[in-house]
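Please find below a note on the model, set out as numbered points. The points may be read alongside the sequence and the coordinates.

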Amino acid sequence: MTTKAELWDDWIERSLLTDISSSETPDPVPMIETSGGELETIDEFDSYRYGRGDGQYLYLLYLIDEPMEQASDVIPVYIGETNSITSRLYQHFKKIRDALPTEDWEDDGSWGSWSKYDHMAAVYEHADSPLYAWILDVEELDAGPYGHSSYRQELEAKLVGLVHSQSRFEREFANREFVPNRVVHEMGKVGPKWLTGAESYEPTSISLTADGPLTGKSKTDLWHDWVEETILHDIQDPSEADPIPLFETNEELKVKLTPKEGLKRSDAIDEQIRREGKRCVSKDGVPPNCPDGLLYVMYQLAPGSDDLEPADVIPRYIGKAEAYGKKNELSANFTEIAFDRDRTGSFARWGDGDYWHIGELSNTVFGREEKKLAWASELFEQGSRTLKRQTYLWIRAWDSDAYRGPYGYDAYLAEAEPLLIGLAQDAYPSELLNYSGAPDDAPIKSKDHQFETLSE
């Protein structure tokens, strides 16, 4: 059995440490030096990042706990991905430089005032080690930390999840994406005190695999395994309401309208969203030890499938709604659920307001905007509000005691979502409608979606 901490150390051992020990690479490469009282980039760092064209890059900003003898002596500060590494790393340098000295930092009262760059500047200022940068060409990587190939957006999320799951890195690690909103909220609230440990939170536990190593299984196999344990299990469980149609339709699958002339969610899915949402929030906010929030999968079933198999569940969109907000403790996405309000503008991201899924889709179908053009094109017959195929929504409070991540480990919600997107992208690249978190060559990013809008 291997822990997530051991997965991280193993990956560092066969990637970064391999470059550090090789005479053919310049690693470790420090970023910053002081010259004439001013911070500047080090020549070795400039040479390291120059000359790299557009590509698939992952990068790591890190410290070294000297003397470096093993992978655990590498302290990750920030993990990122980009297709333009030269400019991205220089941008990071400038932002860190502008945030120094940290004693000049002042809270302006807005959320996020203590930014990731303030965080990185504080780490740089307090560290005994230089701040190093490491660049990885993802196309030259045989396998990611779970033993499978990973495109750069997916690799970033996997590594952030592994790092954040370890309490040993909780102070120095400055990433805000793929980290629970609760942690981001605490970082922004306490500012520089976060680095000194004046405030703390309970980190996600590191677990063993459930069934041993997942060797020999493709990413598509892992996706089907996860579907079988979750969505398909709930469809076949007579005590569950699944499959639950997302929309209220007539027999011809024409979606009914709300009094405000928007697409109408089904009463059953409204009930499900409220029921599962109530497991995450209350009128008093976010209760302790509650699920992180809701994970959802919009999906369709393959036609003619009487005896369902995992491959018959076709994912169209995977997402999450976290109960904790980044700005306020109770996320705005959950206020209607927490206070039993009738309106459903946000409604765990499935609301009919202008900035939520059903509202954006309604506006696109009726020609008021194009934010959900791909959804309208893929889900509806052209020029109508008739579905091409019945569309369902699986939505559950993400409780790590009930659900494991798709690689066999405990996973917090912000980690599980991108892991699942990466697997579904492998299994159903043409059907998946996720844009964020998809690779550059994903059909969702290259296909020219068209939809003839309604005027009714």
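1. His449 counts as buried in this predicted model, because its relative accessibility is 8%. The residue is placed in the segment after α16 (443–446). When neighbours within four places in sequence are set aside, the contacts of His449 are Leu373, Ala374, Ser377, Glu378 and Ile444.

2. The next point concerns the largest pocket. Its space amounts to about 1,100 Å³. The lining of the largest pocket comprises 50 residues, and those nearest the centre are Tyr317, Arg349, Glu417, Ser436 and Gly437. Two or more lining residues come from each of α6 (152–164), β8, α13 (357–365), α14 (373–379), α15 and α16. Of these elements, β8 gives the most, with 6 residues.

3. Strand β8 also belongs to an open sheet of 3 strands, ordered β8-β7-β9 and paired in the antiparallel sense. The edges of this sheet are β8 (313–322) and β9 (392–397), each of which pairs on one side only. On average, and with direction ignored, neighbouring strands of the sheet are turned by 20° against each other.

4. The pairings within this sheet can be given in detail. Strand β7 (residues 293–301) is joined to β8 by 9 bridges, and the two strands run antiparallel. Within that pairing, Leu295 is opposite Lys320 of β8. Helix α15 (residues 413–427) packs on the sheet and touches β7 and β8, with its direction at about 160° to that of β8. Between β7 and β9 there are 6 bridges, again in the antiparallel sense. Here Tyr296 stands opposite Ile395 of β9. A further helix, α9 (residues 219–229), lies across β7, β8 and β9 and runs at about 70° to β8.

5. Is the edge strand β9 enclosed or open to the outside? It is largely enclosed by the rest of the structure, because 6 of its 6 residues are buried. The cover extends to both faces of β9: Tyr392, Trp394 and Arg396 are buried on one side, and Leu393, Ile395 and Ala397 are buried on the other.

6. A second open sheet has 4 strands in the order β1-β6-β4-β5, with antiparallel pairing. Its edge strands are β1 (29–30) and β5 (74–82); each has a single partner strand, so one side of each is left without a neighbour in the sheet. Strand β4 (residues 57–64) pairs with strand β6 (residues 132–137) in the antiparallel sense, over 6 bridges. In that pairing, Trp134 of β6 is the bridge partner of Leu60.

7. Two helices pack on this second sheet. Helix α4 (residues 85–98) touches β4, β5 and β6, and its direction makes about 35° with that of β4. Helix α5 touches β4 and β5, and its direction makes about 145° with that of β5.

8. Helix α7 (residues 181–190) deserves a separate point. The helix is mostly covered, with 7 of its 10 residues buried. The buried residues of α7 are Asn181, Val183, Val184, His185, Glu186, Met187 and Val190. Their cover includes α5 (116–126), α6, α8 (193–196) and β8. After α7 comes Gly191, which has a positive phi, near 65°.

9. The last point is the state of the cysteines. Why do Cys280 and Cys290 not form a disulfide in this model? A disulfide is a covalent bond between the sulfur atoms of two cysteines. The cut-off applied here is a sulfur pair within 2.5 Å. For Cys280 the closest cysteine sulfur is that of Cys290, at 6.0 Å, and this is too far for a bond. The converse also holds, since the closest cysteine sulfur to that of Cys290 is in Cys280, at 6.0 Å. By this rule the count of disulfides is 0. Both residues are nevertheless buried: Cys280 has a relative accessibility of 0%, and Cys290 has a relative accessible area of 19%. The value for Cys290 is to be read against the cut-off for burial, which is under 20%.

Notes
Residues are numbered from 1 along each chain as its sequence is written. This is a predicted model: local features need pLDDT of at least 70, side-chain atom pairs count only at pLDDT 80 or more; totals for chains, interfaces and linings use all residues. Side-chain values use heavy atoms; hydrogens and water are left out. Two strands pair if DSSP finds at least two bridges between them. Axes are lines fitted to C-alpha atoms, for helices over the stretch in contact, and angles run from 0 to 180 degrees between N-to-C directions. Contact means heavy atoms within 4.5 Å. Buried means under 20% relative accessible area, exposed over 50%, partly exposed in between (1.4 Å probe, protein chains only). On a 1 Å grid over the protein atoms alone, a cavity is a set of points where a 1.4 Å probe fits but cannot get out, and a pocket is an open set with protein on both sides within 12 Å along at least five of seven lines; lining residues have an atom within 4 Å of a point. Grid points are joined across faces, edges and corners, and a volume is the space filled by probe spheres set on the points.
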